[in-house]
Amino acid sequence: MVHIGNDWDEKLGAEFQKDYYLKLREFLKSEYAHGPVFPPMYDLFNALVYTSYADTRVVILGQDPYHGVGQAHGLCFSVKTGTKPPPSLQNIYKELEGEYGQKMPDTYELTGWAKQGVLLLNTTLSVRGGQPLSHRGQGWEILTDKIIELLDQKSSPVVFLLWGAPARAKRALIHNPRHLVLECAHPSPLSAYHGFFGCGHFKKANAFLSQNGEKPIDWLKP
């Protein structure tokens with residue numbers, strides 16, 4: 001039914017057989033048939049495709065995908081090459097430039113982070129075009145909560161970056177003391193100046209990974 005192509009298939013195989021997911025699947029069939037829905041159907045699980053369970057060292061939680069044409073491709077905050085970066089992503093780059101004192105490259109497709117072990121996970125994995133949060137409450141949250149719970153069970157350290165109230169609400173799912181949870185405001189223009197800018201999360205994440213014998217993320221190579 002769902003083939004991711006790495007260890008997530010075994011970790012999540014039982015979830016894809018449960019009633020809530022089967023109902024979600026039927027809902028998605030109807031939504032894609034009447035469209036537009038983003039991301040494209042075959043990009044829905046890209047966060048898991050690019051970043052295996054074993055390789056995950058950092059988790060960034062988004063809310064739901066961008067709802068404009070040509071933007072979402074299954075990685076939270078990321079947009080396809082050639083697409084104008086949305087304001088939240090621009091602010092993420094501003095924070096990185098502030099932390100590292102270097103200009104970020106003019107690429108906004110974050111697959112480079114994903115391939116380094118940064119799981120770019122939205123809590124809802126699809127959205128109706130032009131209608132933010134339109135697929136909320138259909139079952140995605142059950143699946144993505146399960147993903148967070150599985151990552152909490154990892155024996156190797158993981159950094160969870162929780163930006164904004166919806167992501168910070170997931171703090172309750174993370175209990176393992178070997179992990180690091182960093183929380184702040186969302187990078188959207190409405191809240192970035194209320195705690196996101198100056199949070200230092202990217203350097204803090206790398207310091208924690210290095211202290212625990214893990215390779216840091218090259219955040220300057222998205």
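I take helices and strands as DSSP runs, numbered from the N terminus, with at least four residues for a helix and at least two for a strand. With that settled, I note that helix H2 gives five residues to the lining of the second largest pocket, which is the largest share of that lining. I am working from a predicted model throughout.

**Entry: the chain as a whole**

I looked up the element count and found eight helices and six strands in the chain. Reading along the sequence, I wrote the pattern down as α-α-β-α-β-α-α-β-β-α-β-α-β-α.

I then checked the overall dimensions, and along the principal axes the C-alpha trace spans about 45 × 40 × 30 Å. For 222 residues a compact globule would have a radius of gyration near 17 Å, and because the chain has 17 Å, I record the two as agreeing.

On burial, I counted as buried any residue under 20% relative accessible area, and by that cut-off 55% of the 222 residues in the chain are buried. The accessible surface comes to about 10,100 Å², and I noted that carbon and sulfur atoms hold 52% of that surface. Turning to contacts with a separation of 6 or more, I found that residues 24 or more positions apart account for 66% of them.

**Entry: the largest pocket**

I next asked which residues are the closest to the centre of the largest pocket. The pocket itself has a volume of about 490 Å³, and of the 28 residues that line it, Asp 64, Pro 65, Tyr 66, Ser 88 and His 186 are the closest to its centre. Looking for the elements that give two or more residues to this lining, I found helix H4 (87-100) and strand S3 (118-122). By residue class, I recorded the lining of the largest pocket as 15 nonpolar, twelve polar and one charged.

**Entry: the second largest pocket**

How much space lies in the second largest pocket? I have it at about 390 Å³, with a lining of 16 residues, of which Met 1, Val 2, Met 41, Leu 44 and Phe 45 are the closest to the centre. The elements that give two or more residues here are helix H2 (19-34) and helix H3 (46-50), and I return to my opening note that H2, with five residues, supplies the largest share. Sorting this second lining by class, I wrote down eleven nonpolar residues, two polar and three charged.

Technical notes: Residues numbered from 1 in each chain as written. Predicted model: local features only at pLDDT ≥ 70, side-chain atom pairs only at ≥ 80, totals over all residues. Heavy atoms only, no water. 1 Å grid on protein atoms, 1.4 Å probe; cavity = no way out; pocket = protein on both sides within 12 Å on 5 of 7 lines; lining within 4 Å. Points joined across faces, edges and corners; volume = space filled by probe spheres on them. Nonpolar A, V, L, I, M, F, W, Y, C, P; charged D, E, K, R; others polar. Rg over C-alpha atoms; globule rule 2.2 N^0.38 Å. Buried < 20%, exposed > 50% of the residue type's maximum accessible area, 1.4 Å probe, protein only. Contact = heavy atoms within 4.5 Å. Areas by Shrake-Rupley, 256 points an atom, 1.4 Å probe, with all protein chains shown as cover.
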